[in-house]
Amino acid sequence: MSVPFKFSFHIEGQCSKTQARAATFQTPHGVFETPRFMPVGTLANVKTLTPDQLRETGAQMVLSNTYHLHLQPGEEIVQKAGGLHHFMGWDGPMLTDSGGFQVFSLSEMRTINDKGVTFRSPRDGQMIHFSPERSIQIQNALGADVIMAFDECPPYPASWEEVKASTDRTYRWLERCIAAHQRPDQALFPIVQGGVYPDLREDAARAIAQFDTPGFAIGGVSVGEPAHLIEKIVKVTTPLLPENKPRYLMGIGTYREMVQAIAAGVDMFDCVIPTRLARHGAALVQGERWNLKNNRYREDFTPLDAECPCYTCRNFSRAYVSHLLRSREILAFTLLSIHNITELVRFTSRMRAAILGDRFEAEFGSWLTE
Ligand SMILES: [Zn+2]
């Protein structure tokens with residue numbers, strides 16, 4: 001008889017001037033050290049990277065997407081393959097989102113009621129129904145270490161009344177997600193919604209904090225609202241979530257927003273930004289974005305970042321990456337993705353080290369002021 005897995009979260013260091021903390025989150029597929037950036041592998045792969053290349057970036061937990069994997073190849077095939085870890089060849093910690101965000105942001109012809117959401121598949125035009133139970137059933141079949149509650153993600157802008165109705169529904173759906181969840185080896189995280197309204201965020205955070213789940217998430221940010229509102233939401237919401245559980249800010253991955261969130265007590269982040277920028281020929285270098293197609297890089301034989309330990313920076317020059325981009329060679333996207341993910345993982349792990357040494361505010365405080 002195997003003993004059921006117990007998720008545990010240990011805070012190892014706390015900043016004396018902000019709410020920032022450094023911790024470890026134990027999952028069935030290994031330890032996740034926080035704070036740390038998580039790359040996104042929408043369709044069970046981080047675009048253009050092999051799992052070995054991904055591991056070398058320092059990434060520990062990787063995201064996949066329930067909505068996209070349900071459409072292709074379907075969770076039955078992933079389950080037959082032995083689960084998502086086996087299917088995609090990643091044996092580290094993994095997280096799937098609930099599909100809520102995509103159902104509300106990508107799908108057309110949707111109808112929403114308390115039962116769930118019906119929408120037209122963008123692949124074949126079939127009508128598909130997602131409910132809290134269905135989302136959890138799919139995520140149980142996929143088998144990630146962390147799974148997310150099915151939530152309604154209101155657009156921006158939306159009125160207080162609209163957001164209030166959708167936040168209440170997200171709460172009712174959470175109770176159904178918890179009841180439907182079958183696997184103790186998967187941590188189900190509830191999601192705080194509430195749009196840009198502090199009172200709704202506070203009510204939602206207090207309500208979901210009552211549940212004894214292994215972690216909590218803040219969702220519905222970065223949906224088009226200005227950056228200062230994201231910061232405000234994070235500052236209002238984070239302190240209301242239990243201190244002894246990981247806090248995950250969904251869909252955030254820019255330098256400043258991550259520093260602000262870490263200072264407020266957030267531990268986990270994900271964003272498609274490093275791989276998306278790579279496919280547009282852009283590199284993230286020490287807080288800046290560079291367009292490698294720019295003429296100035298044609299004869300620049302230095303690495304992207306001489307201080308970066310990644311495979312790309314150890315072996316190739318800016319001129320070479322620029323040449324590959326001009327020639328539309330796929331290797332350009334791989335090399336830039338390796339570097340960009342390494343850069344964001346290093347940025348967050350430098351913050352982790354600073355928190356452990358209580359130097360966070362001294363080293364990163366400049367990001368907290370305009
Ligand atoms: Zn690099």
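Reader: Okay, F189 first. Which residues does it touch, leaving out those up to four places away in sequence?
Author: This is a predicted model. In it, F189 touches V146, M148 and A149, then T213, G215, F216 and A217, and also Y248.

Reader: And which residues have the most contacts inside the largest nonpolar core?
Author: F189 and L249 do, in a core of 110 residues.

Reader: Which helix gives the most to that core?
Author: Helix 14, residues 330-356, with 12 residues.

Reader: Which domains does the core draw on?
Author: At least three residues come from each of domain 1 (8-271) and domain 2 (272-363). As a general point, nonpolar side chains tend to be buried together in soluble globular proteins.

Reader: Switching to helix 9. Which of its residues are buried?
Author: Helix 9 covers residues 227-237, and I230, I233, V234, V236 and T237 are its buried ones. They line one face of the helix, because seen down the axis of helix 9 they fall within an arc of 165 degrees.

Reader: What about A227 and H228, buried or exposed?
Author: A227 and H228 are exposed, on the other side of helix 9.

Reader: So what do the buried residues of helix 9 pack against?
Author: Two helices, helix 8 (198-208) and helix 10 (255-264), plus strand 12 (191-192), strand 13 (216-218) and strand 14 (247-249).

Reader: Last thing, the N-terminal strands. How do strand 1 and strand 2 run, parallel or antiparallel?
Author: Antiparallel: 6 bridges join strand 1 (residues 8-14) to strand 2 (residues 21-27). The two form a hairpin, with 6 residues between them.

Reader: Which residue stands opposite I11?
Author: A23, in strand 2.

Methods. Residues are numbered from 1 along each chain as its sequence is written. This is a predicted model: local features need pLDDT of at least 70, side-chain atom pairs count only at pLDDT 80 or more; totals for chains, interfaces and linings use all residues. Two strands pair if DSSP finds at least two bridges between them. Helices (H or I, at least four residues) and strands (E, at least two) are DSSP runs, numbered from the N terminus. A residue is buried if 20 or more other C-beta atoms lie within 10 Å of its own, exposed if 12 or fewer, and partly exposed in between; C-beta atoms are placed from the backbone. The arc is that of the directions from the helix axis to the C-beta atoms. Two residues are in contact if their C-beta atoms, placed from the backbone, lie within 7 Å. A nonpolar core is a set of buried Ala, Val, Leu, Ile, Met, Phe, Trp, Tyr and Cys residues joined through C-beta atoms within 7 Å. Domain bounds come from an automatic or database domain assignment.
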